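I opened this notebook to keep a record of what I looked up in one structure, entry by entry.

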Amino acid sequence: MTPDGPDRLSRQARQNRIIDHLTREGSASAAELVELTGRSLMTIHRDIDELAAKGFIRKFHGGVSALPTSVFESSAEFRLTRNPAAKSALAKTASELIEPGMSVMVDDSTTCLALAPFLAEIAPLTVLTNFRQLGEELRLSESIHLIMIGGTYSRSHDSYIGPPDITGLGSYSVDVVFQSTSTMNASWTFHQEQDVVSMKRVMLGAGARRVLMMDASKVGKTSLHRYVEVSEFSDLVVTDDVERTFLDSIDESVEVHLARV
């Protein structure tokens, strides 16, 4: 394939190929992406600038990366494209903990967004969330009493984040809270951003039952900020490709549920 030749990939297909390559390899130079796509260096730089502006990739001296780091979280738009099968499996298993008539709080993770179709099926429910996209998914369901939690809108997270005096979170008490976070080891959960950690802690405190949903890509890793100890959750829903030795080291007070991928 020659740069900008007649057999070139469409713009969307090209950018998807770039993202998939970066996710798989970790990082790449612009020259490597030219070789990958068969497009000119100028076109690749335009792609890089566009994808970086959307928060899909990060530019650094000498190359680009699509992978989150211990201090950087990918945008919600990018995270929505990752591990869809695992997220659906987690949501299916987690939904078995919900009964009609419950009050349910859901955080702004794209993992928990996969609960949306299950919530609509289980309704009637009261659902509280700070995730704009979950609100959009549920707003037309007449059997869902939807409460949107306020705060300052974050474009990168597509959600509303703020302290209890702004969000009103301190006034709620719900049957179950569903959360995911960036990473976890056997003892602690983690996230890259302190304001998100603070929001999640208040949300977690509102739940009688506290459910953490994590796929294997998040397990055995750490991020910049400690969130809460794993034992703060009553339930851990993980994909069945998580190593058994890791699961055996989870605190006995936490009920572990395996989601089949």
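The entries below cover enclosed space, aromatic rings and two single residues.

**Entry on the model.** I note at the start that this is a predicted model, and I read every value below as computed from it.

**Entry on enclosed space.** I began with the general idea that rolling a probe the size of a water molecule over the atoms shows where empty space is left. Searching the whole structure, I found one cavity of 30 Å³ or more, and the space in this largest cavity comes to about 30 Å³. I then listed the residues that line the largest cavity, and they are Asp 107, Asp 108, Asn 130, Ile 161, Val 196, Met 199, Lys 200 and Met 203. Sorting this lining by class, I recorded four nonpolar residues, three charged residues and one polar residue. Which helix gives the most to the lining of the largest cavity? I found that helix α10, which spans residues 194-205, does so with four residues.

**Entry on aromatic pairs.** I next searched the whole structure for aromatic pairs and found two. In one, the ring centres of Tyr 153 and Tyr 160 are 5.4 Å apart with the planes at 55°, so I entered the pair as tilted. I looked up the accessibility of both partners: Tyr 153 is partly exposed, at 34% relative accessibility, and Tyr 160 is also partly exposed, at 25%. For Tyr 227 and Phe 233, the centres are 6.4 Å apart and the planes stand at 65°, so this pair went down as edge-to-face, the cut-off for that class being over 60 degrees. Are Tyr 227 and Phe 233 buried or exposed? Both of them are buried.

**Entry on a charge over a ring.** I also noted that Arg 226 lies over the face of Trp 188, at a distance of 4.5 Å from the ring centre.

**Entry on Ser 154.** I placed Ser 154 in strand β6, which covers residues 152-154. Its relative accessible area is 14%, so I counted Ser 154 as buried, since buried means under 20%. When I left aside the neighbours within four places in sequence, I found Ser 154 in contact with Ser 159 and Ile 161; Ile 161 is also one of the residues lining the largest cavity.

**Entry on His 191.** I located His 191 in strand β10, residues 188-191, and recorded it as buried at 3% relative accessibility. Finally, I looked up how His 191 stands to Arg 14, and the two are 177 residues apart in sequence and 31 Å apart in space, taken from C-alpha to C-alpha.

Methods. Residues numbered from 1 in each chain as written. Predicted model: local features only at pLDDT ≥ 70, side-chain atom pairs only at ≥ 80, totals over all residues. Heavy atoms only, no water. 1 Å grid on protein atoms, 1.4 Å probe; cavity = no way out; pocket = protein on both sides within 12 Å on 5 of 7 lines; lining within 4 Å. Points joined across faces, edges and corners; volume = space filled by probe spheres on them. Helix = DSSP H or I, 4+ residues; strand = E, 2+ residues; numbered from the N terminus. Nonpolar A, V, L, I, M, F, W, Y, C, P; charged D, E, K, R; others polar. Phe/Tyr/Trp six-rings, centres within 6.5 Å; stacked < 30°, edge-to-face > 60°. Buried < 20%, exposed > 50% of the residue type's maximum accessible area, 1.4 Å probe, protein only. Lys NZ or Arg CZ within 6 Å of the ring centre and 35° of its normal. Contact = heavy atoms within 4.5 Å.
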